[in-house]
Each structure stands twice: as structure tokens, then as C-alpha cells.
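User: Could you take a close look at the pockets of this protein for me, one in particular, and then at what else is found in the model? I'd like cut-offs with the terms, please.

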Amino acid sequence: MKLFFDDRQTAHAPSRELHNGDWVPYAENIERPRSIVEAFTDWQPVRDFGMAPLLAVHDAYYIAFLERAHRDWIAAGRNGDAIGYTFPIRRRRPLGFGRIDADLGAYSYDAGTPIAAGTWESAYWSAQCALSALDELTGSDARHAFALCRPPGHHAGRDYMGGYCYLNNAAIAAREAHSRGLGPVAILDIDYHHGNGTQDIFYEDRDVFFASIHADPRTDYPFYWGHADERGEGAGEGTTLNLPLPRGTDGQSYAPALDTALAAISDWGAKFLILSFGADTHSSDPISSFALERADYVELAGRIASLGVPTLIVMEGGYAVGDLGKNVAAFLSGFQA
């Protein structure tokens, strides 16, 4: 399996986030990718596929905002990272603003996703990382590839950021895979948190099946999305499957939900899989509450590989830095067993 990462993905380095009413050190920090990079010896270069695949998923005004946001923040006389403080929860509509605070609220849904000086550079190359791994699967006999995407992406929607996510790497890769004729394309999200941005992007889309196994949103972020009754709308009705699980779920309890998701993906006829993998399901994760162990990752990966379709593994969350590299290595080993 070939692995992809670019050092420019570490340029994103916010200092803090607002969490549970207090300022805390930013959890999605550069030690995360470093711990994974150090667990392997052979990384492939990331190539630049330009803006077109990003614009196939994200609104052009939103992308322009991400590119300029930190510059506008500094130009307004601010210091540090750009963070919004007011959000349009009703009648959200496109408007032209003359103040960065308004833009930040219009294009985000939480105060835990700061924009730092290097955020756009890292987000851009994170998306290119996913596209490079996809290209490997398109142009070779390889069956699996891993994109160490950082920042992660599955909370980012068409025109909003949130949950440490700015560009939706999995959605960008899925749309590109479909455009290359690799479909039907399915996305399986096994991060601890629901991939609300990915769901939102494809909620009315009949071309991409989205399945997610995650902590019950009645108790965990992102709260408002990922409930079991969300199944898609319009042309996409029936192409969304949410399998929320309670806190404390261990590997034995997790496996039946995975089997349900895999059966649904198989029945749908998927021929290409995007796997949003979060290692924040591990028992040691400091911001999550599942109880999977390293050995569980090997077994779960083997179950996913048994689908027998080309699979692009896209990194999402995972915040136990000391365990992260070994946990990711264990998971990837399950595809090669």
C-alpha cells in the first residue's frame, strides 16, 4: 500500500480553540501527522491537481474566503488566529460583508476551527494528498492507498468549516472518483464523530452512498446531525445510512455495526470505496469515548478489505498522539493481511 503526505500540511498551526467554555490548546496539532509519519518509512510525493476538483465540491466564494481569511484578520488589526463569534442560525443566505468577523460566522458553525496563517496552504495540500492517493488507485493495479490528510475534512460542508475541517478531502476524492468513472462510489466514515459535512454534501445525491458509524449525536459532537433517521432526501433518499453507537462501545460491540454498513454498501453495488478513518475510536483518545483497542483495528480493517473493492483510506481524527502512529499502522496492516 502506498502512503501519501506533504510537509506543507503542517503549516496549519493554530494555538488554541474554544472548548467547553474555556480556551484550550488546539487538539488537531502538528504532532498528530508527525506521529503517523514516523511510524512508516516510505512516503509518496503529493501532486497538485489544481482547484477544479475542489470547486466540484465546494462553493467558489467559500474557497476564496479560506484563501484570504487570515490576511483579512490581520488587516483588521487583529493578532493570532481568526475565530468567529457570531453565527447565522436562521435564514442563512449569501451576503457581501465588509468585516472579517461576519465572514467567519457565515462560513463556519463552531468556534473550535480557527484559521491561522498557514491554514489555507495546509488545507489545499491535504485535499491534493487525497487526490494523489486516488490517482494511484486509478493508474495502477493497487487496491488500497492511504492519504494522511491533515487538516481532516469530514465536518466541512460545501460552504462551511467546522470540527477542525476546512476542505472535505473524502468528498473531493469521491466526486473525482465518480467523474473518472470508478463508481458506483461509496463513502464509509468510521471516525468517532459523525461526518456531517460529507453527509450534507451528498444528502440529495444518488451517485454516492454515505454510511457512518459514530458516537450517538445525542451525547457527542456534532450533535445536530448523524441521527439514525437521516437517510437522504430527493434523489438521494436511501443513500445515507447512520449507525450511532453509545459511549463505551468496544470492538466486539462495534463489529455488528460495521457488518451492517458493509452489507449496505455491497447491496448498493459500490465498486469504489472512500474510507474516512478516525483513530479517535481508540480507548486512549482524550476527546472521545469509545473503547476500541489496537488489535480491533486490524480485525476491522480486514472486514472492510473483504468488500473486495479498491479503497482509498483518508485520515480524519485521532488525538492520542502517543498511540496514534501505532494505531494507524495496525489499521493499515489489516488491509495487507
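Which element gives the largest share of the lining of the second largest pocket, and how many residues come from that element?

Analyst: Happy to! The element is α4, with 4 residues of the lining of the second largest pocket. One note before the details: this is a predicted model, where local features need pLDDT of at least 70 and side-chain atom pairs pLDDT 80 or more, while totals for chains, interfaces and linings use all residues. Residues are numbered from 1 along each chain as its sequence is written, and side-chain values use heavy atoms, without hydrogens or water.

A pocket here is an open set of points on a 1 Å grid where a 1.4 Å probe fits, with protein on both sides within 12 Å along at least five of seven lines; lining residues have an atom within 4 Å of a point. The second largest pocket has about 440 Å³ of volume (the space filled by probe spheres set on the points). Its lining counts 20 residues, and those nearest the centre are Arg93, Pro94, Leu95, Phe97 and Ala106. Two helices, α3 (60-75) and α4 (100-106), each supply at least two lining residues (helices are DSSP runs of H or I with at least four residues, strands E runs of at least two). By class, this lining has 9 nonpolar, 3 polar and 8 charged residues, with Asp, Glu, Lys and Arg as charged, Ala, Val, Leu, Ile, Met, Phe, Trp, Tyr, Cys and Pro as nonpolar, and the others as polar.

For context, the largest pocket holds about 1,300 Å³ of space. Among its 49 lining residues, Tyr109, Asp110, Tyr221, Pro222 and Trp225 are the closest to the centre. β2 (16-19), β3 (22-25) and α7 (196-202) are the elements that give two or more residues to that lining. The lining of the largest pocket divides into 22 nonpolar, 14 polar and 13 charged residues.

Some of these names come back when we turn to the aromatic rings. Tyr109, Tyr221 and Trp225 belong to a cluster linked by ring pairs, together with Tyr160, Phe223 and Tyr224. Rings pair if their centres lie within 6.5 Å, and planes under 30 degrees apart are stacked, over 60 edge-to-face, the rest tilted. One cluster member, Phe223, has a positive phi of about 65 degrees although it is not a glycine. Phe223 lies in the loop between β6 (208-215) and β7 (240-245) and is partly exposed at 37% relative accessibility (under 20% is buried, over 50% exposed).

The structure holds 23 aromatic pairs. In one of them, the rings of Trp43 and Phe146 are tilted because their planes meet at 50 degrees, with the centres 6.4 Å apart. Trp43 sits in the loop between α1 (31-37) and α2 (52-55) and Phe146 in β4 (144-147), so far along the chain that 103 residues separate them. Phe146 is buried, at 0% relative accessibility. Tyr297 and Phe331 form an edge-to-face pair, with centres 6.3 Å apart and planes at 90 degrees. This pair joins α9 (294-305) to α10 (321-333), 34 residues apart in sequence, and both residues are buried.

The loop between β4 and α6 (169-179) deserves a look too. Pro151 has its place there, and the peptide bond from Arg150 to Pro151 is cis, with omega near 5 degrees. Tyr164 is also in that loop; its phi is near 75 degrees, positive in a residue other than glycine, and at 10% relative accessible area Tyr164 is buried.

Methods. Rings of Phe, Tyr and Trp (its six-membered ring) pair if their centres lie within 6.5 Å; planes under 30 degrees apart count as stacked, over 60 as edge-to-face and the rest as tilted. Buried means under 20% relative accessible area, exposed over 50%, partly exposed in between (1.4 Å probe, protein chains only).
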